[in-house]
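Hi there,

Here is the structure I promised to pass on. My notes on what turned up follow below it, so have a look whenever you get a moment.

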There are 2 protein chains.
Amino acid sequence: MNIGKNQATWIWYPDDYEIWLHRKVSVLRQYKGYICPPSWRLDDAYTSVKFRKTFHLDAPETLTLSVQGEFVLLMDGNMTPIPYERKPITSVVIPAGMHELTINVYNEHYVPAIYASGESYITDDTWEVTALDGKWVNAASSSQFDEIHHPPKEFPFSYETFAPVQVEDIEGGTLLDFGRESFGYLNFTDVTGKGTIRLTYGESREEAMAGELSETFDDLPVEGDAKAIAVIKTPVTRAFRYVYVKSDEGITYSRALHEYEFLPMEAQGSFRSSDDTLNRIWDVSVHTIRLTMREFLYDGIKRDRWVWSGDANIGLMINNYVFFEQDLAKRTLIALRGKDPVCTHINTIMDFTFYWFLSLRDYYVYTGDLAFIETNYRKMLSLMEFCLNRRNEEGMMEGRPEDWVFIDWAPMDLRGEVSAEQLLFCRSLDTMALFAEKLGDTDNLERFGELAAGLRRKIFDVFWDGKEGALLHGRHQGEVNRSVLKYPNIFATKFDYLDAEQRESVKTKVLLNDDVQKIKTPFMRLFELEALCLLGEPEHVLSEIRSYWGGMLELGATSFWEEYDPTLPADEQYDMYGDKYRKSLCHAWGAAPNLLLGKYVLGVRPLEPGYTQYIVEPRLCDLEWIEGKVPTSNGDIEVFGNSSTIRVRTNEAGIGTLRIHAHSRPRTDDGELMLADDGIYELCLSEPNRLYVVHMDVETGDA
Amino acid sequence: MNIGKNQATWIWYPDDYEIWLHRKVSVLRQYKGYICPPSWRLDDAYTSVKFRKTFHLDAPETLTLSVQGEFVLLMDGNMTPIPYERKPITSVVIPAGMHELTINVYNEHYVPAIYASGESYITDDTWEVTALDGKWVNAASSSQFDEIHHPPKEFPFSYETFAPVQVEDIEGGTLLDFGRESFGYLNFTDVTGKGTIRLTYGESREEAMAGELSETFDDLPVEGDAKAIAVIKTPVTRAFRYVYVKSDEGITYSRALHEYEFLPMEAQGSFRSSDDTLNRIWDVSVHTIRLTMREFLYDGIKRDRWVWSGDANIGLMINNYVFFEQDLAKRTLIALRGKDPVCTHINTIMDFTFYWFLSLRDYYVYTGDLAFIETNYRKMLSLMEFCLNRRNEEGMMEGRPEDWVFIDWAPMDLRGEVSAEQLLFCRSLDTMALFAEKLGDTDNLERFGELAAGLRRKIFDVFWDGKEGALLHGRHQGEVNRSVLKYPNIFATKFDYLDAEQRESVKTKVLLNDDVQKIKTPFMRLFELEALCLLGEPEHVLSEIRSYWGGMLELGATSFWEEYDPTLPADEQYDMYGDKYRKSLCHAWGAAPNLLLGKYVLGVRPLEPGYTQYIVEPRLCDLEWIEGKVPTSNGDIEVFGNSSTIRVRTNEAGIGTLRIHAHSRPRTDDGELMLADDGIYELCLSEPNRLYVVHMDVETGDA
């Protein structure tokens with residue numbers, strides 16, 4: 001299986017590279033100059049692990065070897081080590097015949113890892129590894145680390161240097177404007193003098209000029225003592241568009257340049273339309289999600305810089321319509337789960353545990369990568385067991401004192417059985433049943449299937465209110481809280497738990513009802529707008545995108561925000577959590593339009609895991625034309641539409657169904673489209689890599 | 001509770017200092033110059049923890065603060081950090097009133113720890129700490145770290161420098177003899193020249209001179225290039241009596257000194273008698289156990305340098321008769337247990353899991369320290385649960401493929417249900433019942449009590465053989481293995497599981513039966529000899545001590561060995577595991593005579609936890625006189641005995657019972673002793689700190 005495969009990779013104990021990296025980056029958050037560690041347990045890589053592989057060689061072979069850590073080589077169960085020369089890349093001769101090579105590695109600073117490459121045998125996932133816990137498992141690797149000179153230590157970022165687009169002398173200092181939101185370092189060249197350069201960062205101009213009120217700052221010591229120093233670089237990465245620079249007297253420098261640090265990746269997805277505002281919203285969303293995609297999918301780049309499961313759920317979905325960068329998705333999902341024993345919910349938040357299950361489902365549906373699911377299945381089971389052990393006597397999940405029940409930044413009663421939580425829990429159980437089925441775990445398929453069905457019945461028995469035509473908010477100490485909020489109704493729609501009548505009443509009585517409490521975070525706005533798309537209201541969604549995200553653009557946003565309330569005055573827009581500039585202005589969930597436009601306007605979405613079957617359901621709405629690409633693991637799906645023509649270029653595998661909303665029957669050169677049961681015209685896109693063209697009656701167009 | 005207590009201590013997350021330290025020291029073992037990590041999982045300290053304490057202050061107070069790690073100070077749930085000056089020891093003013101101070105600490109290299117000291121509030125075990133796992137627990141500390149300048153980082157060893165007692169020029173090098181087994185570094189003074197000094201260490205002269213066959217060596221690089229260098233020190237600690245030094249041409253030095261590294265402690269226990277050999281055996285045992293007591297109780301100091309649970313069980317028992325150093329006992333028991341989840345047996349050995357429970361029982365019985373038991377109770381429960389989940393359908397424990405079933409270095413069938421393992425398991429269940437009772441955990445008292453009783457019945461049903469008058473060896477695939485080995489019979493005696501008739505037959509048909517396979521390790525010899533003492537054969541035991549340990553002395557031992565077979569020729573005595581010099585010549589279990597002489601010749605042992613009640617049962621055997629001290633938490637108990645007089649000085653608390661084996665009734669100045677049911681004369685030692693003198697008929701003396 002590994003014979004003839006030429007590319008060796010660094011290998012390590014499964015999940016340990018991601019868990020180690022997550023621990024490292026989780027403590028980069030600062031507040032007022034002090035560390036701000038996360039409020040959840042940080043796990044770490046095992047320091048001592050043992051790799052093994054049984055070789056059969058026809059002739060002796062030299063294995064070239066590099067190890068991250070101290071190590072000892074043993075063969076065939078002998079206690080006497082095989083000698084090797086102590087240098088970064090060493091080699092060892094394996095004699096002919098059948099041999100078991102074991103390599104014990106110890107490293108307390110980096111993840112223990114090995115790279116070996118011989119004529120017929122190399123390090124890859126067929127090697128086994130143990131953390132000395134009585135179990136051998138397959139080693140893990142990443143395509144990021146397939147070079148013997150680059151062990152899993154420094155994250156392989158790319159760098160680009162930018163000069164400010166504008167430099168302004170103000171209040172005794174200099175305000176640098178880099179034109180749009182960015183991330184990385186600053187380099188000062190030819191620095192002379194002695195003292196300190198104080199840098200105050202701002203995602204907004206106001207923040208950069210706010211002095212002590214700004215969230216992040218750096219003091220650069222200059223000890224040049226009148227001698228020119230080549231370059232002084234800021235000590236840590238920061239998020240900013242503006243930097244206000246104030247130096248001690250006598251300090252000079254020739255240039256202040258920004259060293260942009262980023263994960264190298266090309267946008268695969270695209271969207272263009274006849275509406276320039278929408279196009280700008282797409283572009284700024286791409287910029288937003290790109291900046292938050294680094295080692296992991298971060299919530300935002302200025303403040304937390306943390307991996308939050310709810311944020312990741314949305315961010316990774318958005319990624320599926322822009323970069324389709326699945327290595328980052330895997331790193332993020334592994335890091336979030338951490339190690340056993342499970343002691344708290346993920347990020348300590350009950351709903352964020354459920355989003356983790358949902359993210360794995362999304363990952364699977366978009367990629368079809370069952371191998372990753374299988375690798376993580378044991379940890380899914382133990383996390384689900386943790387949840388099941390916390391049910392109340394009604395079989396529902398309530399927050400315990402140590403749990404954070406979040407749902408959204410909005411006023412609501414979070415005590416007792418919150419219906420939105422039960423819906424997320426139910427969908428998590430559904431997800432476990434799906435994975436159990438796919439992995440042939442019939443006992444758990446039955447168990448989780450029954451648990452999910454039982455909980456779903458109970459949710460509707462307890463919370464569905466026929467009069468309100470909606471799911472009610474919750475139940476506390478046996479008493480139902482009759483508030484109607486959007487959350488449970490959004491989730492029930494998204495998970496397809498409603499019948500036709502319920503869907504209609506949820507749409508009109510809840511989601512389109514102005515009297516129901518409005519949602520202010522792009523986080524829940526995404527789910528809300530998705531639900532409206534699923535309820536057949538893409539025009540409404542398009543108009544919401546224009547006004548909500550367009551509203552941020554009008555306020556000068558170059559990336560989209562953590563929270564936006566159009567009703568607030570401009571000078572309160574950056575306030576959050578009681579601080580003047582705490583709001584993150586580049587937040588992954590702010591990029592929701594990428595998902596909405598790709599999934600519901602271009603209308604491309606998988607029906608079966610990995611796009612083996614998929615839907616293309618373009619919705620022109622009030623636009624003259626739309627055009628774009630959606631990436632899949634088998635190439636892009638391209639869509640163009642205007643009132644007279646729909647063109648779709650299929651990807652390299654999978655069978656699509658083109659669904660067209662039109663008043664009269666559209667046709668291809670081969671004939672007319674079929675009318676499906678739900679009144680939508682359908683065309684089977686059975687051929688890969690083919691351009692399908694559909695003509696429509698110009699008079700009627702999009703319905 | 002902490003008001004007025006003047007001594008602040010460094011505090012940390014419970015067990016984390018010990019677990020961190022254990023991880024560090026566990027990788028110091030080397031073999032042929034390569035690392036040799038342990039074959040079990042190494043756990044580590046949490047990198048990110050949070051301390052908290054609620055203060056009430058009448059007036060503002062300055063808290064002097066030092067933190068091992070990066071940290072942020074927060075008060076009363078506010079998000080804004082309290083500013084502090086960044087220096088190793090800093091301070092912060094706490095305002096008057098009621099305040100909750102929290103300190104988040106992150107450290108990836110050392111255990112996160114804090115030290116704070118104010119006028120009324122200091123860091124101590126009343127502070128709480130969380131690993132961000134949803135639980136707050138009381139912080140832990142150690143009297144070793146009660147100084148703000150000495151954080152829990154460098155272990156506080158003591159050092160002493162020794163010159164060799166003999167220097168011999170031989171084979172082009174120099175053989176240094178330090179007179180007896182020792183541990184630490186070598187320092188070379190006034191080194192000149194360039195090249196390498198090769199040091200070959202030997203616990204024996206033969207090993208030091210064995211070149212490549214020696215177990216440990218160091219190459220000291222000398223880069224002095226003809227310039228004198230003050231001192232060159234060896235890079236790591238080593239165990240040795242002899243060091244063979246061979247330098248490259250042109251290298252000179254004035255002196256080679258040994259820097260002895262040790263845990264500072266005084267021997268509290270003592271033993272002297274009319275037999276000089278026995279006295280030397282006592283002294284060499286003390287030297288042996290002293291050298292193995294360092295950060296933890298190690299098996300031996302040359303090779304493994306590991307914390308093995310079986311070895312620790314014996315070593316800690318011996319410690320109770322010599323140093324009574326209980327901080328080391330606690331560190332050792334914590335390190336052995338490590339963190340959850342439990343994935344394998346302790347040290348991967350089934351019996352070693354059980355010895356851990358037994359060690360905790362011994363610790364409790366000797367110290368009465370229920371607080372330590374309570375602190376560890378949760379981890380005892382989870383380890384016992386691990387065991388219970390591994391029982392077979394008969395309720396017995398069998399080795400699984402990943403388990404090591406050890407018992408002893410001796411030929412025996414270890415498949416299936418080994419009776420000795422079931423006895424250790426049963427005693428572990430007994431122990432859990434005892435702790436459950438003491439801690440008021442009535443559910444578990446009942447549960448473990450029933451499990452223990454049931455298992456004990458089953459053991460005797462299955463393995464007791466009336467004809468053999470012994471417990472048989474085991475059962476594999478339903479078939480009883482009828483071998484009679486000493487192990488199960490020793491354990492049943494030691495745990496008091498036998499009735500009078502069974503005791504008698506075990507003594508004569510097994511333990512004193514020359515046809516039964518002999519025991520060759522001091523490990524099991526200790527248990528064997530203890531059993532013989534319990535069966536009333538101290539004379540036999542004394543004679544075994546003289547011949548077995550005396551045999552090692554005759555071979556030149558300056559510390560006692562891992563294994564000793566008197567029948568082997570002298571030039572094979574250092575062989576082990578197939579290597580010429582692998583045998584450890586300073587092994588904790590080698591010090592067994594300290595325990596045997598203190599517990600069964602001086603005859604001092606606790607009846608109730610912490611010596612609140614105790615026995616003094618001196619056995620003169622064939623000695624003219626014996627004299628010694630046994631330490632307790634309430635001072636020493638002193639014993640003198642010859643054929644006419646027994647003198648006992650009681651300790652400062654507790655009630656003793658003096659038991660005298662004599663042919664006629666002994667008397668004190670106050671009257672005659674009572675004859676107990678078992679034919680032993682008894683005197684109640686009810687007064688603390690008093691010298692009791694008993695006179696005996698010179699003619700009859702010791703029975």
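**What turned up**

Over residues 268-600 of chain A, the chain is 55% helix and 5% strand, with the end C-alpha atoms 17 Å apart. Please keep in mind that this is a predicted model. UniProt, in an unreviewed entry, lists that stretch, residues 268-600 of chain A, as "domain: Alpha-L-rhamnosidase six-hairpin glycosidase".

One helix there may interest you. Helix α8 of chain A (residues 419-438) has 20 residues, which at 1.5 Å a residue should span 28 Å; its end C-alpha atoms are 29 Å apart, so the two agree. Of the 20 residues of α8(A), 18 are buried, so the helix is largely enclosed by the rest of the structure. After α8(A) comes A:Gly440, with a positive phi near 70°.

Further along, the unreviewed UniProt entry places "domain: Alpha-L-rhamnosidase C-terminal" at residues 603-639 of chain A. Over those residues the chain is 0% helix and 59% strand, and the end C-alpha atoms lie 9 Å apart.

Now for the interface. Chain A and chain B each bring 43 residues to the contact, and they bury about 3700 Å² between them, 60% of it on carbon and sulfur atoms. There are 12 residue pairs in polar contact between chain A and chain B, both residues at pLDDT 80 or more. The count of salt bridges between the two chains is 4; A:Glu108 forms a salt bridge with B:Lys24, where the closest N and O atoms are 3.0 Å apart. On the side of chain A that touches chain B, α1 (16-26), β3 (34-35), β6 (70-75) and β8 (97-106) each supply at least two residues. The largest share of that side, 3 residues, comes from β6(A).

Best wishes

Note on methods
Residues numbered from 1 in each chain as written. Chains lettered and ligands numbered in written order. Predicted model: local features only at pLDDT ≥ 70, side-chain atom pairs only at ≥ 80, totals over all residues. Heavy atoms only, no water. UniProt positions renumbered as here; feature names shortened; annotations may be inferred. Helix = DSSP H or I, 4+ residues; strand = E, 2+ residues; numbered from the N terminus. Expected span 1.5 Å × (residues − 1). Buried < 20%, exposed > 50% of the residue type's maximum accessible area, 1.4 Å probe, protein only. Contact = heavy atoms within 4.5 Å. Buried area = accessible area lost by both parts, 1.4 Å probe. Salt bridge = Lys/Arg side-chain N within 4 Å of Asp/Glu carboxyl O. Polar contact = N/O pair within 3.5 Å; in protein donor to acceptor, adjacent residues only side chain to side chain.
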